[in-house]
Amino acid sequence: MSEGLSKRINQLPNEENGQTTSPDIPYSRNAAVSYINAGEEDQMELYGYRRSLFRTILTWLFIVKTVGILRMVFHWFPEWFLNCTHTRCSLEVAEKILIVEIYQKKYRRVHIRSITCMSALQIINAATEHTVKGKKKSVEHRNSHVLQDLNKIDDSPILSLPNADGTFHEATSVRMFTCKKLRYIWNTETKEFLKVKSLGPGMPTSSLHHPDAQQGLAGLSILEQQRRRAIFGSNFINVPVKSVLELLLLEVLNPFYIFQVVSVFIWIMIEYYIFAGAIMVMSAAGIAISIIQTRKNQKKLRNTVHGSDIIDVCRGGGVYETIRTEELVPGDMIILPANGCTMHCDAVLLFGTCIVNESMLTGESVPVVKTPLPFQTDVLYHPKEHSRHTLFSGTKVVQTRFYNDEKVMAVVTSTGFMTAKGSLVSAIMYPPPVDFRFERDSYRFIGFLASLASIGFTYSIIKKIISGEAGVKVVFHSFDIITICVPPALPAAMTAGIILAQKRLEQRNIYCISPRSINVSGSLNCICFDKTGTLTEDGLDLWGVVPVVDGRRYIPPIRSISLQYFLEPPLLLMGMATCHSLTIIDGNLSGDPLDLKMFESTGWVLVEPSNEDTNKYDNICPTVVSWTPPSGNKGDPGPGVSDSSDLDGAETSKVGIVRQFPFSSTLQRMAIICKRIGQEQLHFFCKGSPEMVQSLCKPETVPTNHNEILEEYTRQGFRVIALAHRLVEIRSLHKLQKVQREDLENELTFLGLVVLENRLKPDTKAIINQLSDAAVRTVMVTGDNILTAISVARDCGMVGSHDQVVIVNYEESSGAVSTDGKPHLTYSLAEKSSDLIGRYHLAITGKCWSIIQEHYPELVPRCVVKGTIFARMSPDQKQQLVQALQQLNYVVGMCGDGANDCGALKAAHAGIALSDSEASVASPFTSRDASISCVPELIRQGRCALVTSFGIFKYMAAYSLTQFISVMILYEIGTNLTDFQFLYIDLFLICSLSALFGRTQPHPGPLFNRPPLTSLLSLPPVGSLLIQVLLVGFFQAISMLLLTKQNWFVPYMDLHNTTGLETGDYECHENYAIFCVSLCQYIVLALAYAKGKPFREIFLKNYWFVGALAASAACSVCIFIDPPYFIEKWLQLKMPPMEFRLIVLGLSAAQVFVCLLTEEIVIDRGLVKLMDSPFWLKLRPRKEKYLAVEKEIKMSDWLSSIVTSTVAQK
């Protein structure tokens, strides 16, 4: 909540060109609107405006009349200013654009941008000036020649504007605007603004190729590069760092600080100089800390993403040039150096091979082999589908490889914020709003306090006017009521609790970049887990191989690979040794863990010859694997081996890998072409998911019991890989490099299965059980096989031992399509058992999820509520699942390794990345320990922080209302609290207690089986505050009543002709009674709201807080019993007889007892339990949609009937 008011924590720039972004306000939608990015994830509404001279003059007249106050309001609500100075018009003639983002159909965020209209010469001039700024004179000299060339052209200079299909068209001028660092250009044909997109997506892969590139005949000229840069902008991910003055203005113009400035002005007018000075010092310190923290965050992000280098580009005509990477544009042909480099753009590899470290983006430190993009006219390029051919910005090219004297070349497809790295940075700079009920309710409650203050202000003014005392000071005293009722220290107190929670997380190696998400994590009731690397270990262990012999028969699994006893390596062993993407980096074998484990088990050796040594391998085998049978080692070669003759003197077998077809998640396989050194015959091996490899094989080579064997291993949780083979008839090296994998991936011979074991992490099962006991739902979302996922879910405890798993699938055959054209859904039990006890869990594959979303949307809520295992899910589908859970009102957490989970991590209420990659920056939380133990720890800390925020908010609200009651009572008799009394209460009592309130640690025991309340407006907090405030008013009224009964008492107005509000003389017995009784109330309220179990430790373990309570109580008792003389004069106390002082002490003791007893019995044991009672649930049903879905499933007996019918069929 404090961030929403002061925006002081981790503020990143979300303004461009002086334009501002409004606060999130409730969703609204106009039916007749234009869109940008229609149908995409970042779809936004678009409205055109043009300036109205009459409206502008009228608006500025009102701004001048209100002494700038109206302009300040427009700063907070820029859309109002736009509507007051402009009129709505068509986009074709618009001067300004109102861009509206809709988040989850709930929140509306606006951006206002000016449309720039420039001629080709103007925009190229501007682009050139921007490029040469701060660069070397040689660059400036070259760019000046470009401008001279432009000026020599008889016709007007032209621009190269991109089309949607990746081609370019020429134009002499352009209308465009920039939003969220991306440019949008007006299309005169379609009459709409289109985003300037990357080169490549949606284009045939053949169109990205340049056959003559190796001869230097491809590439962009300097002139064409300048034209494109004018549209695409410089290749630079710019994270602006605001100046101190700019940040100072933004902070000072924040509504919270404006309120504080007004408050200080009021206090000065009523001569509360010391308190006003103290608040000014505190505010100045808060602003300074905020500015320092904001600049620190901005600089940190800028330094993280900043990068610059030089690179060689081809200009055509055999011309090569070295330029800075900032000058690159889509279409440039770049040459990658042999010793590697850091990529500063996205590019498609056309020639050569690259070894790339993508850990900066994916979190996986495993090097990836990038191969040239296939030349295909019927296949469209997409960065995700062709990621093995794409070099992404931010990744590091470790090595490059090439044939003979060929250059390793790539064509630039994306620059700046259009790159993968730029998209990530943009997501950090413009994060979606966090929808949290506590924040919304806190704003409403502050509004209630402001309304109450307005009532008190109005009553005070009217009363003084009637009594004829409406002087200037009296009026300002009435204004002071507003500053009393809405405490200026509230945001600072709330921020202190969050900062303490953040530090506690850091001590446990959990780092947070979005502190406001800490409170949200305390409400998590559903956690989605990735499987590999999250629930299970990263590495795999080879369990065994299951070869196929006699062309049709599986033999028993070979647990220890004894195939090395062959004189000639079997095809299965050769496939295991060659079908991989391993490479040697710095003398170490590196690559995918699965490939690494499989290769190491073969006992073969991988050799990567240097460029000078390739001649011995016919120039076509840059990677060679060799195998030498062990000398003199005889024995049983194992099942299925017919020849175990003497191996002494056997020669080393060498196999060269001629070409690799990299692994594709869409194709679910990889392949290679290899040859035995010294032989002409070429071999083709394919490795991948058993289902996919089987579909590519000749049916007669697949064992008849293949499905049963495969199901047996996957059900046990093993990772199963299949291998297949065929001979290749092609002999030409040129044809080998041009052949498409689809031409070879058919009519394969099935070789067998490789079985790998992926073990659970040691603490996975205990953590899942801990979350289950805390009523936190756990869901597995993985890209692995569904049966493997089910097995892991059972092993880790997501699925109970007596629970049933129902696999939801669909029939692909044409006859299975229903009469309405929808695919037919099928349901089957994962285990063939007639035991129907326990709960039911759905297991759904990614393909089936897409079918359900498209054809059975009415089943999505049911599948989301009952689904526990989601397998073969793509990154986009993981994000869709998280969003579907959120739409049912789950508070969702996502825990993944940061590789394929970035979208889901960003979409979740609290994403927890188990990696240190740049991708994890998109997640609010990052754990340095690669263990899911961070999840219950985050929930524990979040619950503690949320309860702390509730307690601080209630305490600050109760403090304000207590002081409001005190002031209103004293105003009624013509006096008030003195300046130093306010100072003692606000600085000594309130600031110390509220600052130390949040130091209480979380409860160390098991997680409670219910999250804390998230609504401030629910019955317990509202009831608690109302009852405590009534008790405060009651005891203050009792003290006044007892005072008037004393025979020595003389009313204040009987001793003074005028009120103390005019004279400043507040010293009286009434002042003493109210002040001293209220001192006890401030202390006891802090004690009442410092709750411990079940979410926090008992307050007695918060030694700082206990010390502050003890010091406050001791000082306060000393003040109203027998204060030192200087304290008495400083506070302007008029001490009554000792008898009345003891009465006040007795009232205070009674109030402590009554308040604490009320909070314990009436609130905790009464109202909290009442909310769970059938009576209350009938009166106020819970609004979570998933509960309604659960009830609907239970009443309709949907899942039980499916399971029963499935068992009956079996």
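Which residues of α15 are buried? The legends below take up this question and others, using a predicted model.

**Figure 1. Helix α15, residues 490-507.** The buried residues of α15 are Leu490, Pro491, Ala493, Met494, Thr495, Gly497, Ile498, Leu500, Ala501, Gln502, Arg504 and Leu505. The helix holds 18 residues, which at 1.5 Å a residue should span 26 Å. The C-alpha atoms at its ends lie 27 Å apart, in agreement with that expected span. Asn509 follows α15 and has a positive phi, near 65°.

**Figure 2. The salt bridge between Glu224 and Arg228 in helix α7.** The closest N and O atoms of Glu224 and Arg228 are 3.1 Å apart. Both residues belong to α7 (residues 222-232), where a separation of four residues places them about one turn of the helix apart. Glu224 is buried, and Arg228 is buried as well.

**Figure 3. The salt bridge between Arg315 and Glu321.** Here the closest N and O atoms are 2.9 Å apart. Both partners, Arg315 and Glu321, are buried.

**Figure 4. The salt bridge between Arg741 and Glu745, with a note on a network.** The side chains of Arg741 and Glu745 meet at 3.1 Å, N to O. Arg741 is buried, and Glu745 is too. Elsewhere, salt bridges with shared partners connect Glu224, Arg227 and Arg228 in one network. A search of the whole structure finds 20 salt bridges, among them the pair Arg741 and Glu745.

**Figure 5. Cys863 and the cysteine sulfur closest to it.** How far is the sulfur of Cys863 from the closest cysteine sulfur? That sulfur belongs to Cys848 and lies 7.2 Å away, too far for a bond. A disulfide is counted only when two cysteine sulfur atoms are within 2.5 Å, so the 7.2 Å between Cys863 and Cys848 does not qualify. Cys863 is buried, its relative accessible area being 2%. The structure holds zero disulfides.

**Figure 6. Cys117.** Is Cys117 buried or exposed? Cys117 counts as exposed because its relative accessibility is 52% and the cut-off for exposed is over 50%. Cys863, in contrast, counts as buried at 2%, since buried means under 20% relative accessible area.

Technical notes: Residues numbered from 1 in each chain as written. Predicted model: local features only at pLDDT ≥ 70, side-chain atom pairs only at ≥ 80, totals over all residues. Heavy atoms only, no water. Salt bridge = Lys/Arg side-chain N within 4 Å of Asp/Glu carboxyl O. Helix = DSSP H or I, 4+ residues; strand = E, 2+ residues; numbered from the N terminus. Buried < 20%, exposed > 50% of the residue type's maximum accessible area, 1.4 Å probe, protein only. Expected span 1.5 Å × (residues − 1).
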